[in-house]
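Please look through the sequence and the three-dimensional structure shown below, and then read the notes on charged pairs and on one pair of packed helices that follow.

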Amino acid sequence: MSGFEFLNEKQKEAVTYTEGPLLIIAGPGSGKTRTLVERVSYILNKKNVEPKNILLATFTEKASRELITRVSENIKSDVNISEMYIGTIHSICLRIIDENIEKSILKRNYKVLDELEQKFFIYKNLKRFESIEGFENFFTEMNAHNSWKKAGVLKKWIDKINEEKLDNENIKKSVDKKILYLNVVHERYRELLFEENSLDFSNIQLECLRILLENEDVLEKIRKDIKYVMIDEYQDTNTVQEKLFLLIAGEKKNICVVGDDDQGIYRFRGATVRNILHFQKNFKENECKKIELDINYRSNKDIVDFCNLWNNQLNWDGWRYDKNITSGKDRINNAFGVVKISETLEYKWEEKLCRFIIFLKNTGKIKDYNQVAFLFRSVRNFRTLRLIEALEHRGIPVYSPRSNLFFKREEIKFLIGIFVMIFPQSTEVIFTKGYGIEDYYKECYEVAKKVIRTDEILINHMKSIRERFKDDECEIKSPNFLGLFYKIISAGSESIRKYFNLTENHILKNRSMYNLGIFTDILNKFDELCSLENMTKTNSRKIIDYFFNRHLKFLIENGMGEYESLREYAPCGAVSFLTIHQGKGLEFPCVIVGSLEEYPTVEKDEKQMKLELALTKPFEPEYRIKEFDFWRTYYTAFSRAKNLLALTCIENSYKPVPSMPFKRVYEELKDVSDSNFQFQKLNFEDVKEINIKEIFAFTSHISLYNLCPRIYKLQKKYNFVPTKNKGMIFGVLVHETLEDINKNIFMGKNLDFNIIKEKFIENYNNIYKKNRVNIEKDILKSGEESILYYYKNYKNLFDEIKDIEIKLSFVEEKYILEGIIDLVVEKDGEIQIIDFKTGKRNENEKVYINQLEIYAYLLKGKYGKEIKKGKLYYLGEKENRITEINFSREKLSNAIKSFNDTAERILREDFECYFDEKREFCKSCMIREICKNEKIEKEINNIEENSDVCR
């Protein structure tokens, strides 16, 4: 439902000004998301455009999902939202690459490396960069004393070159030898990356831009489709991103950017505040309209005034937009809106903060600890960690997922200890090599030893695994590390169940399950990095050595965060400890800002700073960059508060603390212990719930849930990575080759058996590079034969192809359904849909039919005809390959009802199910022993409860 009438006048103007460039400067809490959502609705309804004509981009996955949810609530349910280019900038770029893959340097099934995978990729190829002239000179006086740190330094500069879209030819003209070395490194790195059919985050947008610049036909089609471009958080964009969006907007210039230069805090990730400050200079004078959203509906007047004071005490000399932010919020807290909480000794400071929070809770001023958030520059330093300990010691739970405590958690030490115990090579490979990590592994060993002391089931289970490694006659010792993890878990013993809890849902109460999910991701990435399917007689010693003494060692020394939920940024029952950057975009009733000892300095050595300035010309004056970034960072922190903002520190006149930048605003504040501070007038709002709809896909969600609710919970809630399934990978290979065939038929291109065979082999090679799983030759041969049979006989299946791989979405009140139809065809004057199955006909056919019925429902009206027929095509069958389906309104209605029932069960987290010894899936399931034991425990409890009733 539209909320246009509830907007203020400037917001309404921003919504209705749709033709031509528009710059929206949106201060904190000014309703920019609401404005963007209404703008999308206005364009769809008033401008009579299709969803595919709109591009709406933001930065974080959380912001993206929230935008998708709110847009879906504001448009008609029959609008196919999947056609809209909406999401993170990187996801939109990936979509453009996928839609034009034939124009890309990449092939199908390319892999996107995350930051950690990218660093490991560089580390693995470091010898290639060492051989380039200038390697030693480049790292002179840089803080990179080992190969892992050198990989990190190179990653940073490679990303810098990509984000700034620095031209290699221009870099070559430099006289700086370090820059010339970086240029060769960058070129070599991209060659290696594309050889592996991979892409890192900074290259995603670069490859998307390259495709558009070098292919006029693609750019013309994109411009024809996308008529309105909207970019959120524009102050966080980099040079490449701005070029990309201006290019897409083209001569229509219907581009709207929204942001706040005062919150431009991501320079270290390549962002430049230049983009928002000079946006109007991309157009003729007075061509680009500027609208300021300057009413803050989030914060009390005291907080807004304090934020204005903070910014106004610095002479910006024209390097920001002048603003006069006012509060549009009804006052709830009638005490001071901004205070300080200070002491001169650390233990007194900790005690004061604890007493303040306990007082708020005990007096009912706050209903939940999650109404309070601490914001620091870093949550990893000793003082912050000691404060966390002090709060938890006094019974105040703390949520701090980025404090690098992952490898200090008991469940992770337990698992690492179990791995150490299983390998006979541990003593020689892990404890005597002298890599400086032995003490941690010994600690893990002791934790595991203590936990399993009386667990005969697990001990015997581990012995059986260990014996295979000791047996010289045994060729295959075990599956890869991820497979070995599930082998350990499958024991289902008391020790395993201590950490493996499928009944508790709260993030903090079941941290162990979320952390185990992260651990499976670590193991899976290691297996992929090493192309490891099995540990064998020949590779096991080398693999174990590399895992413990390189891979895991680097992760432990680097530190890792714990699970963060998209929905619960402030979990119930806990005070949040967040970095200022982590808190950006969030809001809390009470915000306590620390790190007041900081100065406007950078955390890099002088050599690196000089290199950066030589490589990229700064937008702002070099001598003021540190100062501007400092002010913007703390402005962002202060503006998170809704009802009360507190500045906190351990005062020290010698250092001094607070530092000079804070001194003026800090000294004017009243302390919470001041007699004039009226506690009785304190009032706080609840934490705002983030409205994010679930997005369900039929195969990966509904079918998985129907197969087993517990496995669904394991994979979708706790993010456990499943082991590689050769059947599924084979299915992808066959599906993609069929898609290639159908596209060629659709476009009238020449095809023959040899071309198809070559495409089949190419697809398999690319899938292998991504998944590192071999498929047996006889299986590949059967897949090739079934594809060739399809091509030979496709004319019996349809007269004409209407569409291939159609993406669909269906918006419900609580969720969005997404799906992909393999093929839409016309046969004998009727529109039909076809779904390909790579296996044989099986007991799941009713589920497949239900899936097609839902797709037929979603397609209604698209082709001007009712879809009355569908086909399931089984490539694994030698005869009788096709199941024909006749659709009716009653069947379609029943299919939607069945889907809704399943979706509702998922949404209310109904994951209860138990081991069924008659069911084949249960017999081979990796968690069968856990389910068996829980079933027995429940039966015992029921007997005891009934006995009590009888008494």
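Glu929 is partly exposed, with a relative accessibility of 24%. This model is predicted, and the points below begin with the partner of Glu929 before turning to other salt bridges and to a helix contact.

**A salt bridge in helix α38**

- Lys932 forms a salt bridge with Glu929, and the closest N and O atoms of the two are 3.5 Å apart.
- Both residues belong to helix α38 (residues 928-950), where Lys932 and Glu929 are three residues apart, a separation of about one helical turn.
- Lys932, like its partner, counts as partly exposed, and its relative accessible area is 31%.

**A network of salt bridges**

- Elsewhere, Lys32, Asp232, Glu233, Asp236 and Lys584 are joined into one network by salt bridges that share partners.
- Within this group, the side chains of Glu233 and Lys32 meet in a salt bridge with an N to O distance of 3.2 Å.
- Glu233 lies in the loop between β6 (228-231) and α13 (239-249), while Lys32 lies in helix α2 (residues 32-46), so this pair ties together parts of the protein that are 201 residues apart in sequence.
- Are Glu233 and Lys32 buried or exposed? Both of these residues are buried.
- By the distance rule that is applied here, the count for the model comes to 80 salt bridges.

**A salt bridge in helix α24**

- The side chains of Lys525 and Asp521 also meet in a salt bridge, in which the distance from N to O is 3.0 Å.
- These two residues both lie in helix α24 (residues 511-529), and they are four residues apart, which is about one turn of the helix.
- Asp521 is partly exposed, with a relative accessible area of 27%.

**How helix α24 packs against helix α25**

- Two packed helices are described by the angle between their axes and by the distance between those axes.
- For α24 and helix α25 (residues 540-558), the angle is about 125° and the axes are 12 Å apart.
- With that angle, α24 is oblique to α25, and the crossing in which α24 passes α25 is right-handed.
- On the side of α24, the contact is made by Ile522, Leu523, Phe526 and Leu529, and on the side of α25 it is made by Ile543, Tyr546, Phe547, His551, Leu552 and Leu555.
- The residues of this contact between α24 and α25 divide into nine nonpolar and one polar, with no charged residue among them.

Conventions: Residues are numbered from 1 along each chain as its sequence is written. This is a predicted model: local features need pLDDT of at least 70, side-chain atom pairs count only at pLDDT 80 or more; totals for chains, interfaces and linings use all residues. Side-chain values use heavy atoms; hydrogens and water are left out. A salt bridge is a side-chain nitrogen of Lys or Arg within 4 Å of a carboxyl oxygen of Asp or Glu. Buried means under 20% relative accessible area, exposed over 50%, partly exposed in between (1.4 Å probe, protein chains only). Axes are lines fitted to C-alpha atoms, for helices over the stretch in contact, and angles run from 0 to 180 degrees between N-to-C directions. Angles under 35 degrees count as roughly parallel, over 145 as roughly antiparallel, 65 to 115 as roughly perpendicular and the rest as oblique. A crossing is left-handed if the near helix is turned anticlockwise from the far one by less than a right angle, and right-handed if clockwise. Contact means heavy atoms within 4.5 Å. Ala, Val, Leu, Ile, Met, Phe, Trp, Tyr, Cys and Pro count as nonpolar, Asp, Glu, Lys and Arg as charged, and the others, Gly among them, as polar.
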